[in-house]
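Visitor: Please take one part of this model and go through it closely. I would like a connected account rather than a list.

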Amino acid sequence: MPARTRIVLLSVGVAILATLTAVAMMLEGIGAGERASFVLTGLLFLGVLVLLGRPKVVAEESGVTVVNLTTVRHLEWAEIVKVNLRPGDPWVLLDLADGTTLPAMGIQPGIAKQQAVRDARALRTLAERYGTGPSSR
């Protein structure tokens with residue numbers, strides 16, 4: 001996920017929290033519980049946007065770390081059989097040596113399609129060079 005998208009999500013989350021907190025403090029005639037519910041709603045929005053801004057894919061010499069919404073998984077290069085980004089895919093899909101597929105939500109063609117294609121190609125090249133991809137067999 002591009003850093004710009006992450007910054008926008010976090011900025012919007014902080015703005016929502018600040019706005020709801022300000023509204024809660026300015027409203028007259030409401031109790032502490034109602035004020036707290038405004039703030040908790042803002043925190044809930046911020047939490048969801050933080051989760052949405054979390055996905056990333058980090059390639060290192062030892063392998064790839066895939067951070068999705070709620071999970072983090074480190075893969076050795078040998079575990080990656082194929083890197084897929086087909087037209088219509090919401091994000092890169094990694095075919096793994098154990099027969100499973102792992103979504104890599106950090107590379108999404110939605111907003112920055114050309115960047116996602118470049119990132120997917122670079123990841124595919126690394127997986128083929130260091131892992132079990134087609135050119136390493």
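**Leucine 93 and its surroundings**

Guide: Setting aside neighbours within four places in sequence, leucine 93 is in contact with Lys82, Val83, Asn84, Arg86, Thr101, Leu102 and Pro103. The model is a predicted one. Of these contacts, lysine 82 is 11 residues from leucine 93 in sequence, and the two C-alpha atoms are 8.3 Å apart in space. Leucine 93 has a relative accessibility of 18% and therefore counts as buried; the cut-off for buried is under 20%.

Leucine 93 is part of strand S5. Strand S5 covers residues 92–96 and runs antiparallel to S6, with four bridges joining them. One of the pairings is between valine 92 and alanine 104, its bridge partner in S6. S5 and S6 make a hairpin with four residues between them, and glycine 99, in the turn, has a positive phi of about 90°.

Three of the contacts of leucine 93, namely Thr101, Leu102 and Pro103, belong to strand S6, which spans residues 101–104. In a regular strand the side chains alternate between the two faces of the sheet. Strand S6 shows alternation: Leu102 and Ala104 point to one face and are buried, whereas Thr101 and Pro103 point to the other face and are not buried. Leucine 93 thus touches residues from both sets, Leu102 from one and Thr101 and Pro103 from the other.

Elsewhere in the chain there is an open sheet of three strands, in the order S1-S2-S3, with antiparallel pairing. Its edge strands are S1 (56–60) and S3 (72–76), each of which pairs on one side only. Neighbouring strands in this sheet are turned by 15° against each other on average, direction ignored. Strand S2, residues 63–67, pairs with S3 over five bridges in the antiparallel sense. Valine 67 is opposite valine 72 of S3.

The helices come before these strands in sequence: H1 holds residues 3–26 and H2 holds residues 32–52. The 24 residues of H1 should span 34 Å at 1.5 Å a residue, and the C-alpha atoms at its ends are 34 Å apart, so the two values agree. Thr5, Leu9, Gly13, Leu17, Leu20 and Ala24 are the buried residues of H1, and helix H2 is included in what covers them. The axes of H1 and H2 come within 8 Å and cross at roughly 180°, which means that H1 is roughly antiparallel to H2. The residues of this contact divide into 19 nonpolar, four polar and one charged.

Methods: Residues numbered from 1 in each chain as written. Predicted model: local features only at pLDDT ≥ 70, side-chain atom pairs only at ≥ 80, totals over all residues. Heavy atoms only, no water. Buried < 20%, exposed > 50% of the residue type's maximum accessible area, 1.4 Å probe, protein only. Helix = DSSP H or I, 4+ residues; strand = E, 2+ residues; numbered from the N terminus. Pairing = 2+ DSSP bridges. Axes fitted to C-alpha atoms, helices over the stretch in contact; angles between N-to-C directions. Expected span 1.5 Å × (residues − 1). Contact = heavy atoms within 4.5 Å. Parallel < 35°, antiparallel > 145°, perpendicular 65-115°, else oblique. Nonpolar A, V, L, I, M, F, W, Y, C, P; charged D, E, K, R; others polar.
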